[in-house]
Protein chains: 2
Amino acid sequence: MLSALAATLATAVGPDHVVTGDDPSVADLCHDEALGVPAGKPAHVVWPADRDEVAAVVRAARAHGVSVTARGAGTGLSGAATPDDGAVLVAFARMDRILEIDPVDAVAVVQPGVTLADLDAAAGEHGLTYPVHPGELSASVGGTVATNAGGMRAVRYGVTRAHVLGLEAVLADGSVARTGGRLVKVSSSYDLTQLLVGSEGTLALVTEVTVRLHPQLPVRRTVLAPFSSAEAVTTAVGRVLATGLAPSVCEYLDGPTMRAVCAAADLTLGLPDDLLDADHLLVELAGRRAERVDEDAEELAELLGAAGAADVFDLPAGSARRLVEAREKAFWAVKAAGADEIVDLVVPRSAMAAFLARARAAGDAHGARVLGCGHAGDGNVHLAVFQPDPDALAATLHDVFAAGIALGGAISGEHGVGRAKARHLAELGDPGALDVVRRVRAALDPDGVLNPGCALR
Amino acid sequence: MLSALAATLATAVGPDHVVTGDDPSVADLCHDEALGVPAGKPAHVVWPADRDEVAAVVRAARAHGVSVTARGAGTGLSGAATPDDGAVLVAFARMDRILEIDPVDAVAVVQPGVTLADLDAAAGEHGLTYPVHPGELSASVGGTVATNAGGMRAVRYGVTRAHVLGLEAVLADGSVARTGGRLVKVSSSYDLTQLLVGSEGTLALVTEVTVRLHPQLPVRRTVLAPFSSAEAVTTAVGRVLATGLAPSVCEYLDGPTMRAVCAAADLTLGLPDDLLDADHLLVELAGRRAERVDEDAEELAELLGAAGAADVFDLPAGSARRLVEAREKAFWAVKAAGADEIVDLVVPRSAMAAFLARARAAGDAHGARVLGCGHAGDGNVHLAVFQPDPDALAATLHDVFAAGIALGGAISGEHGVGRAKARHLAELGDPGALDVVRRVRAALDPDGVLNPGCALR
């Protein structure tokens, strides 16, 4: 016999679109890719078809005192899509339609379950692109809105937040709010679109997303420059960005990460061994006209040489594409190599090398190996931490987060807080700001229905 | 004898930095430039020197049940800096220091009373620019943060929101929150920076602002293209932006506005009379290299010709600068011409002409003359409405706002809601979103201390 909640959920989404959490078919939906967050055991998994069904699900869960976690593609890295035990997990796989690509206003309107790959491909049919490229293009738009996902192109285009123009969302009481619109600027009371982006399903469940698209840039040139230290890379990055060259990729990789990335991609760059072990800066330029991008690449190469690069490699298009793709998949390389945790702390751009040094020192102090790469143009450092002992790992992470905060950084640049870092944020965040977060959250979700373990503990 | 509140304020900011609101010296501080919002009569005006003094002022006002309005340079256009009668008006004229220009991370840290002109000049010493250029460069940074100010450069660089990386702010209870930082991306719980930008002093008083700066673009070319209709301009704008040419100015002016702007600037463009009365598109391109900007200007001119421009005028640098500056000051031209109200409704870019037509029809129905110009690349239409009769003016405005909302627009693109449009927003905004605004506001300012008449009524 169905429980009262199960019966209500079956009415809400139809009996074919709800299962209990112990159904073996849903085991893979009960976690995301966060290394340190175990899978949850939801009481029910539901697949709503539209906004009204989402609202009915939220109302039902609230009435039964059960929490609600939204799940897109499950590619998140901080556990924000991992449900509590006993929760209702709302899977958006059926809400995966591209509602409109509007080439005149250069916007797309999509349901949250659409993947980034599908959105970018649909935009591409109109000569446009959706340039948010986190590591996984199988990520759902809804998930990237919830986490304010970034990626390698953010140095030129900005993170998800810079692209979301409007939202439709279901609140904790089942009511619906529509924010923003097909509008590139608004100053009409609080920007609720921006409040919801990055809120990790704790304020509302997003049911429709309006994003801006950009003209495609058909020409690319990619340069790889090995340096003798992360400090030298950091200095070079500041000079590159000061030129106004506006690179579309500006990445740091330490030697071990470069080796791991190349191995994972089965990619041979032809660098001598000593240079492969250097600290690398990878810069891609993109533009409308080949002769300009070539000219810019010359200017860039000269600048990098003057900044102390041991050499400057103009990568052939095929190698460049594979290296960029492999860097985007670096998470999988370090996961395969046995990393115990990853961190994507963000610091002022100029503090990247200092932060890396402190993070490695923290690793040394606790017997952890720390590999680094990152979106150097954004100061968004990605660390892989290898330390199987849970206590030593926790101590390392604490010291790493504290070091980043001390340098003016924040817990996460693009992965989000989720369950993985909620405790660290509570400990290290600005107390006044955390108080505001708690008050806003209590105002919109007084019963703590929406993803209660996430964003802040 | 001083009232208890006056005594507390004198203790908070020093006796030399507080006066009563009936002091003749402060008459000009009790309003901004909104045409339809009368000056307020505050009980006290205070000039705090730092964050802690701001906090003490807010606590004192709250304890006495008196509201608080923040005031920067008073250049706002929606009455958000106009105090309630009996309020405490917090003037930020003493908090006008540029705390740091950091050319390496390309950020500035400033107090809220710094003017845009001073900030841009200080950035310029490092080859950088702060590209938020609303009509008045005498505007304060704090005021532009409160209203999310835009301006002509927003089509390329984005509005204020795109530039604010971090804030320090005093909340209604006198507590202090620090948000964001010297960080170009963050995903660490709710983005309170973005929540506060555009909140018009209703959630907090901003006491420090961290903004991003951009490399200067030394080369400019400006093209003026008269078209036979606003529809033709709208179509041309879509084509210009689809190229990826990324203009730094993309403005629409109707014939009467062009005449008023040229007259106000004492500027003769040499256009024949019939072309001066056309619907104009003004496009500026900016870049790093003259030959590229020249080449782009050729491409632009060809595109505009193909899109139906009656002619395409390549403006000499001096005329171009004066025309852009005069367009930036269009508010003063229409004010001098006797406009009774201005509107800066924003619609989807492609709907600009349709909105203009409906707005003019609304004017005709109520005997009002409606002139139009606007940031065409952003769909942000600026109307001047001439109708001295208050009831007919109110009816016109209602119909204009309703027409814009019906086209998918929002009340304001960059001027804000303030006191001027709070009633219209309450009437026409999305009910679910307005409910969220009210709940967030009540959570952060339960006693309604901060600018209670603004943003929403």
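Is Glu200(A) buried or exposed? Let's work up to that and a few more. This is a predicted model, where local features need pLDDT of at least 70, side-chain atom pairs count only at pLDDT 80 or more, and totals for chains, interfaces and linings use all residues. Residues are numbered from 1 along each chain as its sequence is written, chains are lettered from A and ligands numbered from 1 in the order in which they are written, and side-chain values use heavy atoms, with hydrogens and water left out.

**Exercise 1. Place Glu200(A) and Asp266(B), and compare their surroundings.**

Step 1: find the loops. Glu200(A) sits in the loop between α6 (192–196) and β10 (204–212) of chain A. Asp266(B) sits in the loop between α8 (255–264) and α9 (273–276) of chain B. Helices (H or I, at least four residues) and strands (E, at least two) are DSSP runs, numbered from the N terminus.

Step 2: check the backbone. Most residues other than glycine have a negative phi. Glu200(A) isn't a glycine, yet its phi is positive, about 55 degrees. Asp266(B), also not a glycine, has a positive phi of about 55 degrees.

Step 3: check accessibility. Buried means under 20% relative accessible area, exposed over 50%, and partly exposed in between (1.4 Å probe, protein chains only). Glu200(A), at 2%, is buried, whereas Asp266(B), at 64%, is exposed.

**Exercise 2. Describe how α1 and α2 pack in chain A, then do chain B.**

Step 1: get the geometry. Axes are lines fitted to C-alpha atoms, for helices over the stretch in contact, and angles run from 0 to 180 degrees between N-to-C directions. In chain A, the axes of α1 (residues 4–13) and α2 (residues 51–63) come within 9 Å and cross at roughly 170 degrees.

Step 2: name the arrangement. Angles under 35 degrees count as roughly parallel, over 145 as roughly antiparallel, 65 to 115 as roughly perpendicular and the rest as oblique. So α1(A) and α2(A) are roughly antiparallel.

Step 3: list who touches whom, with contact meaning heavy atoms within 4.5 Å. From α1(A) come Leu5(A), Thr8(A), Leu9(A), Ala12(A) and Val13(A); from α2(A) come Glu53(A), Ala56(A), Val57(A), Ala60(A) and Ala61(A).

Step 4: sort by class. Ala, Val, Leu, Ile, Met, Phe, Trp, Tyr, Cys and Pro count as nonpolar, Asp, Glu, Lys and Arg as charged, and the others, Gly among them, as polar. The α1(A)–α2(A) contact has eight nonpolar, one polar and one charged residues.

Step 5: turn to chain B. Here the axes of α1 (residues 4–13) and α2 (residues 51–63) come within 9 Å and cross at roughly 170 degrees, which makes α1(B) roughly antiparallel to α2(B). Among the contact residues are Leu5(B) and Thr8(B) of α1(B) and Glu53(B) of α2(B). The class tally is eight nonpolar, one polar and one charged.

**Exercise 3. Work out how α8(B) meets α11(B).**

Step 1: α8(B) and α11 (residues 317–328) of chain B pack at about 110 degrees, with axes 9 Å apart. They are therefore roughly perpendicular.

Step 2: Met258(B), Val261(B) and Cys262(B) of α8(B) meet Leu323(B), Ala326(B) and Arg327(B) of α11(B). That gives five nonpolar, no polar and one charged residues.

**Exercise 4. Look for disulfides.**

Step 1: a disulfide is a pair of cysteine sulfur atoms within 2.5 Å. Over all chains, the count is zero.

Step 2: try two cysteines. For Cys250(A), the nearest cysteine sulfur belongs to Cys373(A), 13 Å away; Cys250(A) is buried at 1% relative accessible area. For Cys30(B), the nearest is that of Cys454(B), 14 Å away, and Cys30(B) is buried at 4%.

**Exercise 5. Size up the interface, then zoom in on Ser199(B).**

Step 1: buried area is the accessible area (1.4 Å probe) that two parts lose on being put together, summed over both. Chains B and A bury about 6100 Å² between them, 54% of it on carbon and sulfur atoms.

Step 2: count residues. Chain B gives 74 and chain A gives 74. On the chain B side, Lys185(B), Ser187(B) and Tyr190(B) lose the most area to chain A, together 15% of what that side buries.

Step 3: zoom in. Ser199(B) lies in the loop between α6 (192–196) and β10 (204–212) of chain B and is buried, at 2%. Leaving aside neighbours within four places in sequence, Ser199(B) contacts Tyr190(A) and Ala146(B).
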